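Visitor: I have not looked at this structure before, and I would like to learn how to read its features one at a time. Could we begin with the strands and then turn to a single side chain?

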Amino acid sequence: MSKKREARARLAPGFRDIASGQVAARNAMIETLCGVYARYGFERLETPAIEYVDVLGKNLPESDEPAGGVFALQDDDDQWISLRYDLTAPLARVFAQNAQNLPRPYRRYQTGPVWRREKPGPGRFREFYQCDFDTVGTSAPAADAEVCAVLCDGLEALGIGAGQYQVRVNNRKILDGVLEVAGIEQQDGTRLTVLRAIDKLERLGMDGVRDLLTGGRKDKSGDFTKGAGLEGAAVDRIIAYMNTAGATRGAVCDALDALVGESEAGRTGVAELREIDALLGAMDYAEDRVIFDPSVVRGLAYYTGPVFEAVLTADIRDAKGRKRDIGSVAGGGRYDDLVTRFTGQQVPATGASIGVDRLLTALELLGADKGAPAGPVVVTVMDRDRLVDYQRLANSIRAAGITAELYLGTSGFRAQMKYADRRRSPVVVIQGSDEFEAGTVTLKDMQLGAKLSSEIDDRDEWRKGQPAQCTVPEDQMLGEIRRMLGLEDT
């Protein structure tokens, strides 16, 4: 007889299991961010995890399945559908389908998982959460300034203070103007090579970018990347653009104004940045929170105006003291052409997306997170013949609005206490034969007990005081539990 093959427990590459504490921390982060979005007047939207492939912009080749990093399959009608790649394409689809019934501008926020069929690596997953907010239907720079304000408020609501982050802003129109003055036209194939070179400034430094703008660059492995082939004044102007800096946002605008020359696109971009600066000033978002940084490119063929990137500037180190480079934790910009492919009409839009998982990692390293939340109050079982009485205790605690559970295992008291500790239980309820006879319950404050056990060295002192444990009449149990949980005033 052939032996039946058993399934092997394994996880698909690029995916991960999330433990309860991390789920709770992520949910708390999302709730905080959504609270900020709602305070600005954005309304919540939910869209399906599945969209048609062409809705996501991942066009089909003449044969085979979709390209472009999506998880796709054919539906019953042979149309290609896919797990959503981001939350912006579904927004464009919703607006295109419902434009007549939606207010304009339409302001929405959305959070949820997205999936990308890309090569996984350390810290790079195929499934991750995004938390987006967007305004569709206005070209006003005030909407772009508001994106900066929301990003600042969101990060600070999570405990990241001013001085620990920067929201960096640029305008793609300015870059277009600089390239135009440098003699690189929109249709020139060299343009994309130049944009990619600028986008690598933080990783390669100015010398590496200069190599990519000219003849090319060989990396440490010996691989050669062909350059854009620029020479002389064109290279100098682009390098000057990337070196643009100033003590204030206004000073950056002045420097950029000189670089764009007579380019109409460039001058428009500088004017938009000046208006954003004025609006940010009116809202008291100073240079320590939002800066203008010409090296921010983002979305090489996607964004049409202002672009935003939030980065953490705090000194972030892991448990071994090694410096960790988190990179950007949020990004976005103005994308006035996204709805066009559905309706043929240009609809201006702007917004940003916060990378929940990356930001959560940063918060853990910074110590700004609140840690895993406390678990339930655990009612231990000392006498199995009185299970009904223990169930009544647990139910009375839940009825008072406090999370509680009855221990359902078969282990003894010591193991039950270990179980309560693993469940991060803040309070354990103990009722043995002595307590039943006296009509009392014993309550153990697990959090206080853990704290005091690290402070009290004398065993006799601990036994004598038992400061983390008390016995109270059963009718006073709920009040004492509330006191231990810090709920007596709520």
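Guide: Let us start with a term: two strands pair if DSSP finds at least two bridges between them. Please keep in mind that this is a predicted model. With that in hand, one bridge can be located here, since Ile-430 stands opposite Thr-442 in strand 17.

Visitor: How many bridges join strand 16 to strand 17, and in which sense do the two run?

Guide: Strand 16, which covers residues 427-430, is joined to strand 17 by four bridges, and the two run antiparallel. Strand 17 also pairs with strand 18 (residues 469-473), again in the antiparallel sense, over five bridges. Two residues of strand 17 let you follow that second pairing by eye: Val-441 has Val-472 as its bridge partner in strand 18, and Leu-443 has Cys-470.

Visitor: In what order do the strands of the sheet come?

Guide: The sheet is an open one of five strands, in the order 15-14-16-17-18, with mixed pairing. Its edges are strand 15 (404-406) and strand 18, each of which pairs on one side only. If you ignore direction, neighbouring strands of this sheet are turned by 25° against each other on average.

Visitor: Which helices lie across strand 17?

Guide: Helix 12 (residues 387-399) lies across strand 14 (377-379), strand 15, strand 16 and strand 17, and runs at about 170° to strand 15. Helix 13, made of residues 413-422, lies across strand 14, strand 15, strand 16 and strand 17 too, running at about 155° to strand 16.

Visitor: Are the faces of strand 17 covered or open?

Guide: Both faces are covered, with Thr-440, Thr-442 and Lys-444 buried on one side and Val-441, Leu-443 and Asp-445 buried on the other. Counted along strand 17, residues 440-445, six of its six residues are buried.

Visitor: Now for the side chain: where does Arg-26 lie, and what does Arg-26 touch?

Guide: Arg-26 belongs to helix 1, which spans residues 20-39. Leaving aside residues up to four places away in sequence, Arg-26 touches Ile-18, Tyr-129, Val-356, Asp-357 and Leu-360.

Visitor: Why does Arg-26 have no salt bridge?

Guide: A salt bridge needs a side-chain nitrogen of Lys or Arg within 4 Å of a carboxyl oxygen of Asp or Glu. Arg-26 is buried, and the nearest side chain of opposite charge, Asp-357, is 4.1 Å away, so no salt bridge is counted.

Definitions and conventions
Residues numbered from 1 in each chain as written. Predicted model: local features only at pLDDT ≥ 70, side-chain atom pairs only at ≥ 80, totals over all residues. Heavy atoms only, no water. Buried < 20%, exposed > 50% of the residue type's maximum accessible area, 1.4 Å probe, protein only. Lys, Arg positive; Asp, Glu negative; His and termini not counted. Contact = heavy atoms within 4.5 Å. Axes fitted to C-alpha atoms, helices over the stretch in contact; angles between N-to-C directions.
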